Amino acid sequence: YMTYFNSESSRSAGVVIAIRMCADIDILNTARDTNDRILILKTMIDSEITLVSFYDTNENKDCHLNKI
């Protein structure tokens with residue numbers, strides 16, 4: 001698998017997207033937030049597809065998802 005991470009801190013949960021190595025996918029662009037909670041990959045398979053991985057607390061008190 002080819003892995004794309006957003007995790008700069010050892011104290012942070014971070015997020016990841018894993019893509020099979022043999023998959024015919026081109027990564028066009030990546031976006032990350034500064035809190036290690038959101039990772040967005042703009043990809044091209046047969047058409048443009050956006051993949052998103054995010055992490056929020058169970059209490060939904062954080063505002064991280066407002067950045068999407």
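Two strands pair if DSSP finds at least two bridges between them. The views below use that rule on a predicted model.

**View 1. The whole chain is built from strands.**
The protein chain has five strands and zero helices. Read along the sequence, the pattern is β-β-β-β-β. The protein chain holds 68 residues, and 25% of them count as buried. About 5,100 Å² of the protein chain is exposed, and carbon and sulfur atoms supply 47% of that area. Now look at contacts with a separation of 6 or more. Residues 24 or more positions apart account for 28% of these contacts in the protein chain.

**View 2. Strand 1 pairs with strand 2.**
Strand 1 covers residues 2-6. Its pairing with strand 2 is antiparallel and runs over five bridges. Find Tyr 4 and look across to strand 2: Ile 17 stands opposite.

**View 3. Strand 2 has two faces.**
In a regular strand the side chains alternate between the two faces of the sheet. Strand 2 shows this alternation. Val 15, Ile 17 and Ile 19 point to one face, and these three are buried. Val 16 and Ala 18 point to the other face and are not buried.

**View 4. Six residues form the largest nonpolar core.**
The members are Tyr 4, Val 15, Ile 17, Ile 19, Leu 39 and Leu 41. Two elements give two or more residues to this core: strand 2 (15-19) and strand 4 (38-44). Strand 2 gives the most, with three residues. Tyr 4 belongs to this core and is also the residue opposite Ile 17 in strand 2.

**View 5. Val 15 touches several parts of the chain.**
Set aside the neighbours of Val 15 within four places in sequence. Val 15 is then in contact with Tyr 4, Phe 5 and Asn 6, among others. Its contacts also include Asp 36, Arg 37, Ile 38 and Leu 39. Further along the sequence, Ser 53, Phe 54 and Tyr 55 are in contact with Val 15 as well.

**View 6. Three strands form an open sheet.**
The strand order is 3-4-5, and the pairing is antiparallel. Strand 3 (26-32) and strand 5 (48-54) are the edge strands, each pairing on one side only. On average, neighbouring strands of this sheet are turned by 20 degrees against each other, direction ignored.

**View 7. Strand 4 meets strand 5.**
These two strands run antiparallel and are joined by seven bridges. Thr 43 stands opposite Ile 49 in strand 5.

Definitions and conventions:
Residues are numbered from 1 along each chain as its sequence is written. This is a predicted model: local features need pLDDT of at least 70, side-chain atom pairs count only at pLDDT 80 or more; totals for chains, interfaces and linings use all residues. Side-chain values use heavy atoms; hydrogens and water are left out. Helices (H or I, at least four residues) and strands (E, at least two) are DSSP runs, numbered from the N terminus. Buried means under 20% relative accessible area, exposed over 50%, partly exposed in between (1.4 Å probe, protein chains only). Contact means heavy atoms within 4.5 Å. Accessible areas come from the Shrake-Rupley method with a 1.4 Å probe; for residues, only the protein chains shown count as cover. A nonpolar core is a set of buried Ala, Val, Leu, Ile, Met, Phe, Trp, Tyr and Cys residues joined through side-chain atoms within 4.5 Å. Axes are lines fitted to C-alpha atoms, for helices over the stretch in contact, and angles run from 0 to 180 degrees between N-to-C directions.
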